[in-house]
Amino acid sequence: MADRRWDVVQMSGVFNGCPNDGVITMAEFYVEKNAQGNGDHVVHTADCSLLPSKETVHYLGSISNAKSAVKKAAELLRKQASGCPHCTPAYQTT
Ligand SMILES: [Zn+2]
């Protein structure tokens, strides 16, 4: 479901700042405290089935798109971050 929602948001042009349906989808994002093997801290939406337990993630807040969430995660942790391939497939940086 998360995948499909982001597809819809992209199609509607929200990421270009010109939503044509008047709806901007906000989602809650989390970033994993533990880095992956490549050093990335993975960002997930709250409803992602791959989201680890709450003790192992930082809450990033309600953010309008995954790209901003990944940027916020990187700033917060001062580490590299990337979107989860399951819930934010368009925003992997590696
Ligand atoms: Zn995810």
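## Exposure and the model at a glance

A residue is called exposed here if 12 or fewer other C-beta atoms lie within 10 Å of its own, and buried if 20 or more do. Keep that cut-off in mind as we walk through this predicted model. Asp47, for example, has 12 other C-beta atoms within 10 Å, so Asp47 counts as exposed.

The chain holds two helices and four strands, and from the N terminus these elements follow the order α-β-β-β-α-β. Of the 94 residues, 32% are buried. If we take the contacts between residues at least 6 apart in sequence, 57% of them join residues at least 24 apart.

## How far to trust it

The average pLDDT of the chain is 81, and 68% of the residues reach at least 70. One stretch deserves some caution: over residues 8-20 the pLDDT stays under 50. For those residues the model has 15 contacts beyond four places in sequence.

## The sheet

The four strands make an open sheet with mixed pairing, in the order S3-S1-S2-S4. Its edges are strand S3 (57-63) and strand S4 (81-83), each of which pairs on one side only. On average, neighbouring strands in this sheet are turned by 30 degrees against each other, direction ignored.

Let us go through the pairs. Strand S1 (residues 27-32) is antiparallel to S3, and six bridges link the two. Ala27 has Ile63 as its bridge partner in S3, while Phe29 has Gly61 as its partner in that strand. S1 also runs antiparallel to S2, this time with three bridges. Here Phe29 faces Thr45 of S2, and Tyr30 lies opposite His44. Phe29 therefore has a partner in S3, Gly61, and another in S2, Thr45, by the pairing rule that bridges define. The parallel part of the sheet is the pairing of S2 with S4, again through three bridges, where Val43 stands opposite Gly83.

## Covered strands and the core

S1 is mostly covered, with five of its six residues buried. S2 is largely enclosed by the rest of the structure, because five of its five residues are buried. In a regular strand, side chains alternate between the two faces of the sheet. In S2 both faces are covered: His41, Val43 and Thr45 are buried on one side, and Val42 and His44 are buried on the other.

The largest nonpolar core contains 17 residues, and those with the most contacts inside it are Val31, Val43, Ala69 and Ala73. S1, S2, S3 and H2 are the elements that give two or more residues to this core. Val43 is a good place to start looking around. Beyond its neighbours within four places in sequence, Val43 touches Phe29 and Val31, then Ala66, Ala69, Val70 and Ala73, and also Ala81, Ser82, Gly83, Cys84 and Thr88.

## The loop between S2 and S3

Two residues make handy landmarks in the loop that follows strand S2 (41-45) and leads to S3. Asp47 belongs to this loop. Its C-alpha atom is 10.0 Å from that of Tyr30, and the two residues are 17 apart in sequence.

Leu50 sits in the loop between S2 and S3 as well. Leu50 counts as partly exposed because it has 13 C-beta neighbours inside 10 Å. Leaving aside neighbours within four places in sequence, the contacts of Leu50 are His44, Cys84 and His86. Of these, His86 is 36 residues away along the chain, yet the C-alpha atoms of Leu50 and His86 are separated by 7.4 Å.

## An unusual backbone angle

Most residues other than glycine have a negative phi. Arg78 is worth a look in that light: its phi is near 55 degrees, a positive value in a residue other than glycine. Arg78 is placed in the loop between helix H2 (66-77) and S4. Is Arg78 buried or exposed? With 6 other C-beta atoms within 10 Å, Arg78 is exposed.

Technical notes: Residues numbered from 1 in each chain as written. Predicted model: local features only at pLDDT ≥ 70, side-chain atom pairs only at ≥ 80, totals over all residues. Axes fitted to C-alpha atoms, helices over the stretch in contact; angles between N-to-C directions. Contact = placed C-beta atoms within 7 Å. pLDDT = per-residue confidence, 0-100. Core = buried A, V, L, I, M, F, W, Y, C linked by C-beta atoms within 7 Å.
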